[in-house]
Every structure is written in structure tokens, then in C-alpha cells.
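Dear colleague,

I am passing on the structure below for your own work. After it you will find my notes on the side-chain pairs and the nonpolar cores.

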Amino acid sequence: MSLEKIIVVDADSSPSEVVEECRRLGLPLLSKGKLELKGESYEVTDDPARGEGVLKVKVKGPEDLERVAEVSGRFPYIIVETGDWTIIPLENLVAMVKDSKLLAVTRELREAPSLLKVLEKGVD
């Protein structure tokens with residue numbers, strides 16, 4: 001199964017020249033409550049009851065994983081973020097999320113290859 005891998009740049013925490021170059025190249029950007037991706041602009045919300053736009057969830061425990069799974073399919077993209085990524089919760093999310101694309105947030109570039117690998121494979 002081929003999975004689309006997308007790197008999204010957080011424009012709010014990136015230097016302006018990086019953001020300008022990303023825009024010039026048409027790369028996805030997350031900025032001021034909006035996700036710009038593939039020529040579309042999506043409002044980012046943390047309210048799962050809203051059911052439109054892009055949902056952003058801070059994963060702090062198992063109850064947050066369940067909440068993400070429950071609303072998958074109602075949002076085209078779900079952004080998940082945690083201060084301390086462990087691979088197991090992300091693998092679980094990949095297995096649980098249906099009909100939404102999962103975007104994982106990392107603050108460290110060195111974590112990105114591991115996150116992309118887990119997003120591709122999920123739980124074996």
C-alpha cells in the first residue's frame with residue numbers, strides 16, 4: 001500500500017525566508033489557525049464537535065487516542081501533537097484512524113524520519 005507522506009512547515013515558528021520559499025514552492029504551511037495544503041486552505045480547530053476543517057489534538061493519554069479515533073472521517077486531516085512522542089501511541093493512531101489523513105507534529109527534525117516510517121506502516 002502506498003501512503004502519501006507530507007511534511008508541513010509551521011510558519012509561525014519558522015524564519016520568514018523559509019516561509020516565503022515554502023510558499024514559492026507550493027509546500028504545505030500551518031499558520032495562524034490555518035493549514036494551507038494542495039491549493040486549499042483549511043481552518044484548524046481543537047473542537048471535535050465542529051466536524052469541519054482540520055482537527056488539531058494534543059495527545060496526552062489513551063483517552064485522547066480514543067477521541068481521535070471517534071472523530072476520524074469527519075475531518076479530512078487530523079493533526080496530532082504531543083510533547084513527548086512515543087512510537088506506540090502513533091502506531092495505535094495509524095491503526096485506529098479511518099477516512100482521515102493523519103499529520104504528526106514534531107519539533108525536532110531528527111524525529112521526522114521515525115515519524116514518517118511509523119505513519120507509513122502503523123502496527124504490524
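The side chains of Arg50 and Glu52 form a salt bridge, with 4.0 Å from N to O, where the term stands for a side-chain nitrogen of Lys or Arg within 4 Å of a carboxyl oxygen of Asp or Glu. Arg50 is partly exposed at a relative accessible area of 37%, and Glu52 is likewise partly exposed at 48%; here buried means under 20% relative accessible area, exposed over 50%, and partly exposed in between, for a 1.4 Å probe and protein chains only.

Please keep in mind that this is a predicted model, in which local features need pLDDT of at least 70 and side-chain atom pairs count only at pLDDT 80 or more, whereas totals for chains, interfaces and linings use all residues. Residues are numbered from 1 along each chain as its sequence is written, and side-chain values use heavy atoms, with hydrogens and water left out.

Over the whole structure the search gives 7 salt bridges. One of them joins Glu43 to Lys34, with 2.3 Å between the closest N and O atoms; Glu43 has a relative accessible area of 35% and Lys34 one of 32%. Another brings together Glu81 and Lys56 at 3.5 Å, N to O, and this pair links distant parts of the chain, since Glu81 sits in strand E6 (residues 77-81) and Lys56 in strand E5 (residues 54-58), 25 residues apart. Helices (H or I, at least four residues) and strands (E, at least two) are DSSP runs numbered from the N terminus. Glu81 is buried at 8%, while Lys56 is partly exposed at 27%.

There is 1 aromatic pair in the structure. Tyr42 and Tyr77 meet edge-to-face, at 5.5 Å centre to centre and 70 degrees between the planes; rings of Phe, Tyr and Trp (its six-membered ring) pair if their centres lie within 6.5 Å, and planes under 30 degrees apart count as stacked, over 60 as edge-to-face and the rest as tilted. Both tyrosines, Tyr42 and Tyr77, are buried.

The largest nonpolar core has 13 residues, and Leu55, Val68 and Ile78 are among those that touch the most other members; such a core is a set of buried Ala, Val, Leu, Ile, Met, Phe, Trp, Tyr and Cys residues joined through side-chain atoms within 4.5 Å. Helix H2 (62-71) is one of the elements that give two or more residues to this core, and H2 gives the most, with 3 residues. Apart from this core lies another, of 11 residues, including Ile6 and Tyr77.

Best regards
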